[in-house]
Structures are given as structure tokens and as C-alpha cells.
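Here is a short briefing for a reader who has not met this structure before. Please keep the sequence and the 3D view at hand while reading.

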Amino acid sequence: VYIACGISGSVQHFAGMKTSGLIVAVNTDPEANITKNCDYYIVSDLFEIVPILTKQIKEIAGEDHDGPILEIENLSISFFTRAGEIPAVMDFDCIVQPGEAMGLVGESGCGKSTLLRLVAGLLTPSEGRIELLGHDVVDDVESVHRLIGYMPQRFGLYEDLSVQENLRFFGSAYGLDARRLRLRMEWAFVEFGLGKWRDHAAGRLPGGYKQRLAMAAALLHDA
């Protein structure tokens, strides 16, 4: 399920993607008309979107997974600095059922990004349990990484490597075989307009193309 929100270029891009997944474009601009190739297009105030979006996703995506999509229990993590122990997430509990849409809201520094990195298996919790699509994120992190794509706010790819070298590296890390990786890289070059940049170092790309590359890497293993 791909969800594009706002009136930025990301919505325009998602609206033109050719993918096997469900595409939902969410826009607050009543004059906007970018429904091409979208399964659903919602014009609404952001605070009214979640119940509408949840209903539509349930209808088209179904509930194939038996049990919660995400289950977090007593999750905590602390970082240690010279000043001492700094708790980042404390005793967090959460259950997300199939078809539900969830958002994290909080002030800067409250632990939202840390929580997402924990769920993605990029950090190990100090305490607690995370289960994603039936897999324990700590004990079975490789299976989790094959099922999800994570795109951080900051550019997190290898700046010294070229665009195609980055895609090849992440595709190999996802476990794609040579044929599948070649096909998915060609898909990324076309869908994200990266073809002309394939031999350029990622760190020297324009800002918008860095974001495109990061999104392509996050979606590279999608069937």
C-alpha cells in the first residue's frame, strides 16, 4: 500500500507509478486533479483522512494476515552519553490491526524517529518486544527487512557510491537474485527518473533526486 499525502511532488510521482500495490493519493487541495493510475483519491482535511483511508484500505487490500500487523509491548530504549543514561522510549505499547492507519504525533526529540528505527530493526531495544507481521524484530530481523522498506528523513545512502551501485548494494542486501535485481533496478531508473544519473555519485545528486534514490532503494524489493 503506497500512501502519498500533500501537494508536493511525491504525490505527483506516486500518481504516475506502475506498481502491483494499492496507491492512495491524499490531497488537501480541492483544485488538484492527479488521479491518474491511483486506486483511490481523497480530498480532505488531514484530520479527517484516517477513518476514510482505513475503510478504503480494508476494502481493497483485505485482511490476509492472521493477527496484528504490528504488536509492541513494554518497549524501552536508552542511550548512554558522558552525561549519563538518556531514556528515548519508555514502556511503549501499541497494536496495529490489518487495515488500520497509524500516525505518530509529538514534539521534536520525543522519540518518534527512534521508535520507527526500532520497528525497522535498526536499533535493539533495552527492554520489550516488537512483532511485525508475525516476526520478532530482534530475533528474526532478516525476515523483517525482506518485508518492509524504511526511508529515513535524512539521506541515508552511501554518498561515495553511484546511483546504480547504491541500488545494487541494497538489492543484494534484500536478497534479490541477479535477474530480479536487474529488473528492479531498471524499474527504479524509469519510475524515479534516475536513468540519466545512474553513474553519478549519490552525494552529488540534487536534493530532490537524493530523495528519489532513497525511495527507490526502500521499494526495490517490493514484488
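Start at T114: setting aside neighbours within four places in sequence, T114 is in contact with I77, F79, A88, V89 and L123. T114 belongs to helix α3, which covers residues 112-119. The model shown here is predicted. The points below go from T114 to the whole chain, then to the sheet, the cores and the rings.

**T114**
- Is T114 buried or exposed? Its relative accessibility is 15%, so T114 counts as buried. The cut-off for buried is under 20%.

**The whole chain**
- The protein chain holds seven helices and seven strands.
- Read from the N terminus, the order of elements is β-α-β-β-α-β-β-α-β-β-α-α-α-α.
- The protein chain has 223 residues, and 36% of them are buried.
- Take the contacts between residues at least 6 apart in sequence: 49% of these join residues at least 24 apart.
- The protein chain exposes about 13200 Å², and carbon and sulfur atoms supply 51% of that area.

**The four-stranded sheet**
- Strands of a sheet pair through backbone hydrogen bonds, either parallel or antiparallel.
- One open sheet here has four strands in the order β5-β4-β6-β7, and its pairing is antiparallel.
- Which strands form the edges? They are β5 (84-96) and β7 (135-136), and each pairs on one side only.
- β4 (residues 70-81) pairs with β6 in the antiparallel sense, over five bridges.
- β6 (residues 127-132) also pairs with β7 in the antiparallel sense, over two bridges.
- L132 has H135 in β7 as its bridge partner.
- β6 and β7 make a hairpin with two residues between them. In the turn, L133 has a positive phi of about 50 degrees.

**E131, a residue between two partners**
- E131 lies in strand β6.
- On the β7 side, E131 stands opposite D136.
- Looking towards β4, E71 stands opposite E131.
- E71 and E131 are 60 residues apart in sequence, yet their C-alpha atoms are 5.2 Å apart in space.
- Neighbours within four places aside, E131 is in contact with I69, L70, E71 and D136.
- How much of E131 is open? Its relative accessible area is 29%, so E131 is partly exposed.

**Nonpolar cores**
- In soluble globular proteins, nonpolar side chains tend to be buried together.
- The largest nonpolar core in this model has 25 residues. Those with the most contacts inside it are V163, L167, A188, F192, L194 and L213.
- Three helices each supply at least two residues of this core: α5 (163-173), α6 (178-191) and α7 (207-219).
- Which helix gives the most to this core? It is α7, with seven residues.
- Another core lies apart from the largest one and has 15 residues, including C94, L123, I130 and V137.
- Back in the largest core, V163 touches F189, L194, W197, R198, H200, L205 and L213, residues up to four places away in sequence not being counted.

**Aromatic rings**
- A pair of aromatic rings is described by the distance of the centres and the angle of the planes.
- The whole structure contains five aromatic pairs.
- Why is the pair of F169 and F170 edge-to-face? The ring centres are 5.2 Å apart and the planes stand at 90 degrees, so the pair is edge-to-face. The cut-off for edge-to-face is over 60 degrees.
- W187 and F192 form another edge-to-face pair, with 5.5 Å from centre to centre and 80 degrees between the planes.
- F169 has a relative accessible area of 41%, so F169 is partly exposed. F170, at 18%, counts as buried.
- W187 and F192 are both buried.
- F169 and F170 also belong to one aromatic cluster with Y158.

**Charges over rings**
- R184 lies over the face of W187, 4.0 Å from the ring centre.
- R212 has its charged end over the ring of Y209, at 4.7 Å from the centre of that ring.

How values were computed: Residues numbered from 1 in each chain as written. Predicted model: local features only at pLDDT ≥ 70, side-chain atom pairs only at ≥ 80, totals over all residues. Heavy atoms only, no water. Buried < 20%, exposed > 50% of the residue type's maximum accessible area, 1.4 Å probe, protein only. Contact = heavy atoms within 4.5 Å. Areas by Shrake-Rupley, 256 points an atom, 1.4 Å probe, with all protein chains shown as cover. Core = buried A, V, L, I, M, F, W, Y, C linked by side-chain atoms within 4.5 Å. Phe/Tyr/Trp six-rings, centres within 6.5 Å; stacked < 30°, edge-to-face > 60°. Lys NZ or Arg CZ within 6 Å of the ring centre and 35° of its normal. Pairing = 2+ DSSP bridges.
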